[in-house]
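This report follows a few residues and their surroundings through one structure, beginning with a side chain and the residues around it.

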Amino acid sequence: MQFIKSLFFNTFLYFGIILVFILALPTLMLPAKFTLYCGKFLAYYIILILRLFLNTKVVFHGLENLKKVEKFFIASAHQSMFETFVLQAPLNFLVFIL
């Protein structure tokens, strides 16, 4: 049963990523905020399919400690691609540094 749930999740995950990336291509000619809106949509989509297929609730702790009027730096361990996408949901207009 876990294999079937995981298969459905991965199918919807990769299909959704590909679809959003294709739909976001025209936004590359627009201001950066439009492209970031596509990333925020993708973050909420991933949280939704996590809830639907794997019955996993995503909770963000400590957001009240971030000062919304100042710029700040968030470093993640990148043990998966999860935080790359999902951190866009609670935080506004992230800039990624490679």
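Leaving out residues up to four places away in sequence, Lys40 touches Gln88, Ala89, Leu91 and Asn92. The model is a predicted one, and the values given here are computed from its atoms. Lys40 has its place in helix α2, and with Asn92 the contact is also a polar one, since the two side chains are joined at 3.4 Å. Which side chain of opposite charge is nearest to Lys40? It is Glu64, at 16 Å, and Lys40, although buried, has no salt bridge; a salt bridge would require the nitrogen and a carboxyl oxygen to lie within 4 Å.

**Helix α2 and its buried residues**

The helix that holds Lys40 deserves a description of its own. Helix α2 comprises 23 residues and reaches 33 Å from its first C-alpha to its last, which is close to the 33 Å expected at 1.5 Å a residue. Lys40 is one of the buried residues of α2, a list that also includes Cys38, Gly39, Leu42, Ala43, Tyr45, Ile46, Ile47, Ile49 and Leu50. What covers these buried residues includes α1 and α3.

Ile46, which also has its place in α2, can be followed in further detail. Its relative accessibility is 4%, so Ile46 counts as buried. When its neighbours within four places in sequence are left aside, Ile46 is in contact with Leu13, Phe85 and Val86. The C-alpha atoms of Ile46 and Gly16 are separated by 8.4 Å, while the two residues are 30 residues apart along the chain.

**The aromatic pairs**

A pair of aromatic rings is described by the distance of the centres and the angle of the planes. The count for this model comes to two aromatic pairs. The rings of Phe8 and Phe53 have centres 6.2 Å apart and planes at 15 degrees, so this pair is stacked, given that planes under 30 degrees apart count as such. The pair links distant parts of the chain, with Phe8 in helix α1 (residues 2-24) and Phe53 in helix α2 (residues 32-54), 45 residues apart. The other pair, formed by Phe12 and Phe53, is tilted, with 4.8 Å from centre to centre and 40 degrees between the planes. Because Phe12 lies in helix α1 and Phe53 in helix α2, this pair ties together parts that are 41 residues apart in sequence. Through these ring pairs, Phe8, Phe12 and Phe53 are linked into a cluster.

How accessible these rings' residues are is set out below.

| Residue | Relative accessibility | Class |
|---|---|---|
| Phe8 | 45% | partly exposed |
| Phe12 | 37% | partly exposed |
| Phe53 | 22% | partly exposed |

The class of Phe53 follows from its value of 22%, because buried means under 20% relative accessible area.

**After helix α2**

What follows α2, and what is the sign of its phi? The helix is followed by Asn55, whose phi is positive, near 55 degrees, and this positive value belongs to a residue other than glycine. Asn55 is found in the loop between α2 and α3 (82-86). Is Asn55 buried or exposed? With a relative accessibility of 59%, Asn55 counts as exposed, whereas Ile46 within α2 counts as buried at 4%.

Definitions and conventions. Residues numbered from 1 in each chain as written. Predicted model: local features only at pLDDT ≥ 70, side-chain atom pairs only at ≥ 80, totals over all residues. Heavy atoms only, no water. Phe/Tyr/Trp six-rings, centres within 6.5 Å; stacked < 30°, edge-to-face > 60°. Helix = DSSP H or I, 4+ residues; strand = E, 2+ residues; numbered from the N terminus. Buried < 20%, exposed > 50% of the residue type's maximum accessible area, 1.4 Å probe, protein only. Lys, Arg positive; Asp, Glu negative; His and termini not counted. Polar contact = N/O pair within 3.5 Å; in protein donor to acceptor, adjacent residues only side chain to side chain. Contact = heavy atoms within 4.5 Å. Expected span 1.5 Å × (residues − 1).
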